[in-house]
Amino acid sequence: MEKVVSGIRPTGNLHLGNYFGAVRSFVKMQDEYDCMFFIADWHSLTTHPKPGDIQQSARTILAEYLACGIDPKKAPIYVQSDVPETLELYLYLNMNMYLGELERVTTFKEKARKQPDNVNAGLLTYPTLMAADILQHRAAKVPVGKDQEQNMEQARKCARRFNNIYGVDFFPEPQNFYFSDQAIKIPGLDGSGKMGKSEGNCIYLRDDDKTIRKKVMKAVTDAGPQEPNSPRPEVIENLFTFLRIVSSPEVYAHFDAQWNDCTLRYGDLKKQIAEDLCAMVAPIRERIEAFSADVDLLDRIAREGAEVARASAAATVREVRKIIGFRV
Ligand code: TYM
């Protein structure tokens with residue numbers, strides 16, 4: 001069975017970008033593939049060097065994964081820092097990555113701009129650690145959102161380069177997996193590109209109905225459709241992206257027709273999105289609360305997940321050592 005792996009940094013709560021970009025795919029995949037999901041706590045050190053209670057942050061994400069429907073019996077969940085084998089692979093892969101190419105990765109350039117006082121080596125080699133996360137399980141598929149495309153390109157490069165240098169066909173080139181065959185980018189509703197924690201424009205799976213309604217009703221719009229059948233400006237298309245994802249096709253067609261004949265009222269559109277979002281999020285939120293209360297269960301799931309992940313990673317690292325020529 002093909003292997004699948006993916007992770008999320010525990011730098012806050014899960015938001016709709018994480019959910020629609022990645023977690024929804026995890027849940028879909030766990031029945032058909034050999035899946036493993038993890039919490040990328042090492043990666044979070046690249047931007048949050050003093051992370052506070054990092055174990056509690058990992059529990060938070062774990063409870064949210066479970067609430068979204070990831071079933072640890074089908075798909076073990078682990079914490080990245082519980083699998084030290086990853087680091088050995090990270091070291092070997094880094095030996096084959098070049099400064100120039102790492103410096104050209106867009107996310108590195110963006111992060112370097114955002115935190116000019118902390119352009120650390122971990123930030124530079126972030127894609128290599130991500131490649132190690134994936135390649136240690138020799139995973140074939142990785143469910144991610146559109147923002148991870150370049151990191152995934154680097155992961156494929158790591159796999160290809162290792163295979164070429166040692167003349168082996170050991171690592172598969174991991175492919176991005178998208179829920180409905182298309183890379184998804186959940187926009188922010190404040191008119192600023194994507195929804196993201198560092199953008200401060202997130203709707204969280206933990207948000208209550210009132211908060212969700214408030215956030216949606218505040219979404220940036222414009223003066224309204226001016227000419228029949230005109231293209232939609234980005235901020236309005238963003239609202240339609242939400243509508244497409246959370247509402248039924250009939251509801252989408254209704255508002256789309258209203259846009260096209262210039263009768264659309266943004267207030268109605270936002271109310272519809274807010275109500276459909278509330279209906280989707282409420283049961284997840286309730287499950288998050290229930291799982292969060294059971295710390296023993298969360299810790300047991302993470303421990304059991306780590307055992308499976310370590311066995312898988314150790315087997316790969318052993319092969320890698322043999323291929324390079326180290327004692328095993
Ligand atoms: P992170 O923690 O930023 O985001 C986790 C997942 O959520 C997706 N995502 C989005 N998708 C669509 N629209 C958005 N607005 C949006 N915001 C976030 C991301 O694409 C991602 O899938 N580098 C990764 C963590 C990681 C990883 C890995 C992922 C580390 N190692 C190995 C896969 C495999 C990251 O920072 O994701």
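Which helices and which strand each supply at least two residues of the shell around the ligand? In this predicted model, the elements that do so are strand 1, spanning residues 3-8, helix 1, spanning residues 16-29, and helix 8, spanning residues 126-135. The ligand is surrounded by 26 residues, of which Arg9, Tyr126, Asp133, Asp147 and Ile186 come nearest. By residue class, the shell consists of twelve nonpolar, nine polar and five charged residues. The space that the ligand takes is the largest pocket.

Polar atoms of the ligand were examined against both side chains and backbone. A ligand nitrogen atom lies 2.7 Å from an N or O atom in the side chain of aspartate 133, a residue that is also among those nearest to the ligand. For asparagine 18, an N or O atom of the side chain is 3.0 Å from an oxygen atom of the ligand. Glycine 145 instead places a backbone N or O atom 2.8 Å from a ligand oxygen atom. On its own the ligand has 710 Å² of accessible area, and the protein covers 98% of this area.

Lysine 141 was considered separately. This residue belongs to strand 4, which comprises residues 141-143. Apart from neighbours within four places in sequence, lysine 141 contacts Glu2, Lys3, Val4, Val5, Met29, Tyr33, Gln175 and Phe177. Between lysine 141 and proline 233, the C-alpha to C-alpha distance is 34 Å, with a separation of 92 residues in sequence.

Note on methods. Residues are numbered from 1 along each chain as its sequence is written. This is a predicted model: local features need pLDDT of at least 70, side-chain atom pairs count only at pLDDT 80 or more; totals for chains, interfaces and linings use all residues. Side-chain values use heavy atoms; hydrogens and water are left out. A residue is near a molecule or strand if one of its heavy atoms lies within 4 Å of it. A polar contact is a pair of N or O atoms within 3.5 Å; within protein, one must be able to donate a hydrogen and the other to accept it, and residues adjacent in sequence count only if both atoms are side-chain atoms. Accessible areas come from the Shrake-Rupley method with a 1.4 Å probe; for residues, only the protein chains shown count as cover. On a 1 Å grid over the protein atoms alone, a cavity is a set of points where a 1.4 Å probe fits but cannot get out, and a pocket is an open set with protein on both sides within 12 Å along at least five of seven lines; lining residues have an atom within 4 Å of a point. A molecule sits in a cavity or pocket if more than half of its atoms lie within 2 Å of its grid points. Helices (H or I, at least four residues) and strands (E, at least two) are DSSP runs, numbered from the N terminus. Ala, Val, Leu, Ile, Met, Phe, Trp, Tyr, Cys and Pro count as nonpolar, Asp, Glu, Lys and Arg as charged, and the others, Gly among them, as polar. Contact means heavy atoms within 4.5 Å.
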